[in-house]
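User: Please take a close look at the side-chain contacts in this model, in particular the charged and aromatic ones. Say where the partners sit and how exposed they are.

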Amino acid sequence: MKLILASASPRREKLLRGAGFEFEIAPADIEEKADPSLPPAQIAMNLASEKAKTVEKTAPEGSVILAADTIVVLDDVIYGKPLDKDEAMKTLRRLSGRVHKVYTGVSILHEGKETVFNRSADVKFRELTDNIILQYIATGEPFGKAGAYAVQGEGASLVERVTGDITTVIGLPMEAVALELKKFS
């Protein structure tokens, strides 16, 4: 049975390889649009499901497709991947000194049967000056990351604490994913 990671995220790849899984990568090309009327956890699960179903269309028969989507939420506002430096600056200013929630939705799809779940964690940012934010943006790390930061990279310096599983914040809640994937071994 072939495991396929429906993601171009090097962070998800590293987590999955670090847990000992062998897999192929087939990124899902979808437009990540969210229905704002849905709860954030449902949005993350819906996007993960859409990614898995997109990759399933071209996957070899019998494959297990793993997809995930991570969103950052503060005050009922979803902070996606910043489009430019200004958007990254605004996002990081809003997160500064505050606790926000990170949701990662996961879809595991095999022969038309889908398991979908989510995990969440709370992240408290330290107080950030504009200078700190600008230095971080200059690293290029905020781009392509929900909430404009990577907790596993230089963005760790922005974080005061994580309450919950840090792999959820990184983008793939490994404890839950590993338990589900072992069902297919």
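Analyst: R17 lies over the face of F23, at 4.2 Å from the ring centre. This arrangement, like the contacts that follow, is read from a predicted model.

Next come the rings. The count of aromatic pairs comes to one. F125 and Y149 form that pair, with 4.8 Å from centre to centre and 75 degrees between the planes, which is edge-to-face. F125 belongs to strand β6 (residues 113–125) and Y149 to the loop between α4 and β7 (159–163), so the pair ties together parts that are 24 residues apart in sequence. Are these two rings buried or exposed? F125 has a relative accessibility of 0% and counts as buried. Y149 is buried too, because its relative accessible area of 5% falls under the 20% limit.

The salt bridges come to a count of 10. One of them joins E24 and K2, whose closest N and O atoms are 3.1 Å apart. This pair links distant parts of the chain: E24 is in strand β2 (residues 24–25), while K2 is in the segment before β1 (3–5), and 22 residues separate them. E24 counts as partly exposed at 40% relative accessibility, and K2 counts as partly exposed at 32%.

R98 and D75 also meet through their side chains in a salt bridge, at 2.8 Å from N to O. R98 lies in the loop between α3 (85–95) and β5 (99–110), and D75 in the loop between β3 (64–74) and β4 (77–79), so this salt bridge ties together parts that are 23 residues apart in sequence. At 32% relative accessibility R98 counts as partly exposed, whereas D75, at 54%, counts as exposed.

Another salt bridge is formed by the side chains of E180 and K183, at 3.2 Å from N to O. Its two partners fall into separate classes of exposure. E180 has 18% relative accessibility and counts as buried, because the limit for that class is under 20%. K183, at 61%, counts as exposed. Elsewhere, K124, E160 and R161 are linked in a network of salt bridges.

For a charged residue in another loop, take E31, which is placed between β2 and α2 (40–56). At 56% relative accessibility E31 counts as exposed. From E31 to R98 the distance is 29 Å, C-alpha to C-alpha, with their positions 67 residues apart in sequence.

Last, helix α4, the element before the loop that holds Y149. In α4 (residues 130–138), I133, Y136 and I137 are buried. These three cover an arc of only 100 degrees around the axis, which puts them on the same side of α4. The spacing fits the general rule: an α-helix has 3.6 residues a turn, so residues three or four places apart point the same way. Which residues are exposed on the other side of α4? They are Q135 and A138. The buried residues of α4 pack against α3. Just after α4, G140 takes a positive phi of about 85 degrees.

Conventions. Residues numbered from 1 in each chain as written. Predicted model: local features only at pLDDT ≥ 70, side-chain atom pairs only at ≥ 80, totals over all residues. Heavy atoms only, no water. Salt bridge = Lys/Arg side-chain N within 4 Å of Asp/Glu carboxyl O. Helix = DSSP H or I, 4+ residues; strand = E, 2+ residues; numbered from the N terminus. Buried < 20%, exposed > 50% of the residue type's maximum accessible area, 1.4 Å probe, protein only. Arc of directions from axis to C-beta. Contact = heavy atoms within 4.5 Å. Phe/Tyr/Trp six-rings, centres within 6.5 Å; stacked < 30°, edge-to-face > 60°. Lys NZ or Arg CZ within 6 Å of the ring centre and 35° of its normal.
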